[in-house]
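Work through the exercises below with the sequence and the model at hand. Each task is followed by its solution.

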Amino acid sequence: MAALADFLRPLVLSGPSGVGKSTLLQRLFAEFPDKFGFSVSHTTRSPRPGEIDGKQYHFVTRERFLELLKEDAFIEHAEFSGNFYGTSFETVRAVEQQGRRCILDIEAQGVRQIKATDLNPVFCFIAPPSLTALRQRLQNRGTETEASVQKRLSMALKEIEYAKEPKVHEVVIVNDDVERAYQTLKKLALGEKVVGDPLPPLDD
Ligand SMILES: Nc1ncnc2c1ncn2[C@@H]1O[C@H](COP(=O)(O)OP(=O)(O)OP(=O)(O)O)[C@@H](O)[C@H]1O
C-alpha cells in the first residue's frame with residue numbers, strides 16, 4: 001500500500017524563512033494532535049517571545065551544541081545568521097517510538113545532509129508566491145530587524161536555486177493562499193499522493 005508506505009517515511013519540509021512553514025505546521029498539529037510529531041531541533045539562538053524550550057526548539061548554549069556535535073548526535077546541522085541549528089537522531093527516534101509520523105522543518109544545507117543519510121524521507125519544498133510577498137511576511141511578522149530580513153532574503157534566493165535542481169524535492173507547495181497550501185500539505189502528510197505546484201519564477 002503506497003499510502004501507508006509513504007506515511008511511515010519522515011516528512012521533511014523546507015523553504016525560505018518567513019514562507020509560512022510554522023503557520024502550516026501549527027494547523028496540521030492542531031487538526032491531528034495524535035498523528036504527527038514535530039522533530040524539535042536544537043538551536044543556539046535566543047527564544048522569541050512565546051517560544052517554549054522543548055516545544056519549538058531545544059534552546060542550548062553554543063558550548064552544549066558543540067559538545068553534541070562532537071558526539072555525532074545530529075542527523076544534520078547548520079549555522080545560520082550566527083546561530084547553530086541541528087536535528088538530533090534522538091528526537092526523530094522519540095517521535096517514531098510514539099507511532100507518529102515525524103515531521104522535520106529543515107533548511108537547504110540540512111536537506112543536503114539528510115540526503116546523505118539513510119532516513120529516506122519525503123522532501124517537500126514550501127515556496128513563496130514571490131520575493132515581494134516573502135519580504136512582506138518577514139517584515140509583518142515583526143521578529144526581524146531590517147538587516148535580518150535582508151539576510152533571510154538572500155538565503156531564500158539560494159534555497160530556491162537549490163530547489164530548482166531536479167529530484168531535490170518530491171513535492172513543491174506554493175504558499176500563496178494559506179488554505180489552499182494547507183489542504184495540499186495535509187494530503188501529503190497523511191500519505192496521499194499529491195500533485196505539487198510548479199516553482200514560481202521569483203524574479204521580481
Ligand atoms: N499564505 C500566507 N499568506 C500571507 N501570510 C502568510 C501566509 N502564510 C504565513 N503567513 C505569515 O507569514 C509570516 C511568516 O510565517 P512563519 O513564521 O510561519 O514562517 P516560517 O517559514 O516558519 O519562518 P522561519 O523559518 O523563519 O521560522 C507570519 O507572520 C505568518 O502569519
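**Exercise 1.** How many residues surround the ligand, and which are the closest?

Solution. This is a predicted model, in which local features need pLDDT of at least 70, side-chain atom pairs count only at pLDDT 80 or more, and totals for chains, interfaces and linings use all residues. Residues are numbered from 1 along each chain as its sequence is written. A residue counts as near the ligand if its C-beta atom, placed from the backbone, lies within 6 Å of it. By this rule 13 residues surround the ligand. The closest are S17, G20, S22, R137 and V178.

**Exercise 2.** Sort the shell around the ligand by class, and find the helices that contribute to it.

Solution. The shell has two nonpolar, eight polar and three charged residues, where Asp, Glu, Lys and Arg count as charged, Ala, Val, Leu, Ile, Met, Phe, Trp, Tyr, Cys and Pro as nonpolar, and the others, Gly among them, as polar. Helices are DSSP runs (H or I, at least four residues), as are strands (E, at least two), numbered from the N terminus. Helices α2 (21-31) and α6 (131-141) each supply at least two shell residues.

**Exercise 3.** Which strand order does the open sheet have, and why do β4 and β5 each have one side without a neighbour?

Solution. Strands pair if DSSP finds at least two bridges between them. The four strands follow the order β4-β3-β6-β5, with mixed pairing. Because β4 (57-59) and β5 (74-80) are at the edges with a single partner strand each, one side of each lacks a neighbour in the sheet. Further in, β3 (residues 41-43) and β6 (residues 83-88) run antiparallel, joined by two bridges. Opposite T43 stands Y85 in β6.
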